[in-house]
Amino acid sequence: MKAHLSRRYLFSASHRLHSDTMSEAENQATYGKCNNPFGHGHNYTLEVTVSGKVDEQTGMVCNLVDLDGFVNREVLEPYDHENLNMLPEFAEQVPTTENLCMRIFEIVQRGFHFAHLERVRLEETMMNSFEYTGAHEPRH
Amino acid sequence: MIYLTRKAEFAASHYYHNPEFTPEENRRIFGKCNNPNGHGHNYTLEVTVKGEVDPRSGFVVDLKQLKEVMHHEVLDAMDHRFLNKEVPEFLYSIPTTENIAIAIWKRLAGKLDHARLHRVRVYETPDLFVDFYGED
Ligand SMILES: [Zn+2]
């Protein structure tokens, strides 16, 4: 029997939304306060949803120790308490929460093989959240 | 199609142990959750039903009935219980959040008039939850 398991994590990071392909005025108009030159920070909440058959021996979709270990090592370590604009993956790409959400999806999809990745949800504030389910439409 | 979600809370204790594993395997796989004295959680249950709105009542489901069924089938059985010892499903299966969600689905399925069960979501903590949508 297949179930979905979701786990939530917290990390804090700063970013500045600014695109080199736009003029100063366009950057201001597009990103508003988020374009302020020294950046600003958020407490992000990351929600990772994986699915799979519930193992009859363990009663689990996957062992949380494996999921927590992977997310800690591959996502929280590189992003927590960092300035996202300084990271190589955001040298060319604006570190919007959309881009960060898709980036985290790729990391988990590529590296975590104990269950199927369904969705990455990233809450930038209590008011804004973003979800990415990969290139296909979600079933639920 | 419209969806309605009803929440409930229950507190219960459990531990994870598979008699087919060695004590060493049980400790390695289940970690702290293997403590045989059990430990507890405040679970939050979200039951989502789906259906068409009844033109006469304007309801997708009789909420009073849904509440009663959840109470009778789930809360009466699981609230303030030691799941491994007091809930029949878990005498032979491990009361993980996954298995709790599946057990609750089976307890509710077929008990509702009109609306169909869409999803059972069980939060073990605010940071960990399982969704079950029925057997595929
Ligand atoms: Zn527990």
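1. Zinc donors. Along the chain, the residues that bind the zinc ion are spaced as H-x24-H-x1-H. In this predicted model, the protein donors are H14(B), H39(B) and H41(B), each through its NE2 atom, at 2.0 to 2.1 Å from the zinc ion.

2. Strands joined at the site. H14(B) lies in strand β1 (residues 2-14) of chain B and H41(B) in strand β2 (residues 39-51) of chain B, so this pair, 27 residues apart, links distant parts of the chain.

3. Burial of two donors. H14(B) has a relative accessibility of 0% and counts as buried. H41(B) also counts as buried, at 15%, because the cut-off for that label is under 20%.

4. The largest pocket. This pocket holds about 570 Å³ of space. Its lining is made up of 25 residues, and those nearest the centre are E56(A), Y92(B), S93(B), I94(B) and N99(B). Helix α4 (residues 97-108) of chain B is the element that gives the most to the lining, with 4 residues.

5. Character of the lining. The residues that line the largest pocket comprise 11 nonpolar, 8 polar and 6 charged.

6. N99 of chain A. N99(A) is part of helix α3 (residues 97-111) of chain A. With a relative accessible area of 19%, N99(A) is classed as buried, because buried means under 20%. Leaving aside residues up to four places away in sequence, N99(A) touches F90(A), Q93(A) and V94(A).

How values were computed. Residues are numbered from 1 along each chain as its sequence is written. Chains are lettered from A and ligands numbered from 1 in the order in which they are written. This is a predicted model: local features need pLDDT of at least 70, side-chain atom pairs count only at pLDDT 80 or more; totals for chains, interfaces and linings use all residues. Side-chain values use heavy atoms; hydrogens and water are left out. Helices (H or I, at least four residues) and strands (E, at least two) are DSSP runs, numbered from the N terminus. Buried means under 20% relative accessible area, exposed over 50%, partly exposed in between (1.4 Å probe, protein chains only). Contact means heavy atoms within 4.5 Å. Donors are N, O and S atoms within 2.8 Å of the metal (3.2 Å for Na, K and Ca); water is not among the atoms, so sites may look incomplete. On a 1 Å grid over the protein atoms alone, a cavity is a set of points where a 1.4 Å probe fits but cannot get out, and a pocket is an open set with protein on both sides within 12 Å along at least five of seven lines; lining residues have an atom within 4 Å of a point. Grid points are joined across faces, edges and corners, and a volume is the space filled by probe spheres set on the points. Ala, Val, Leu, Ile, Met, Phe, Trp, Tyr, Cys and Pro count as nonpolar, Asp, Glu, Lys and Arg as charged, and the others, Gly among them, as polar.
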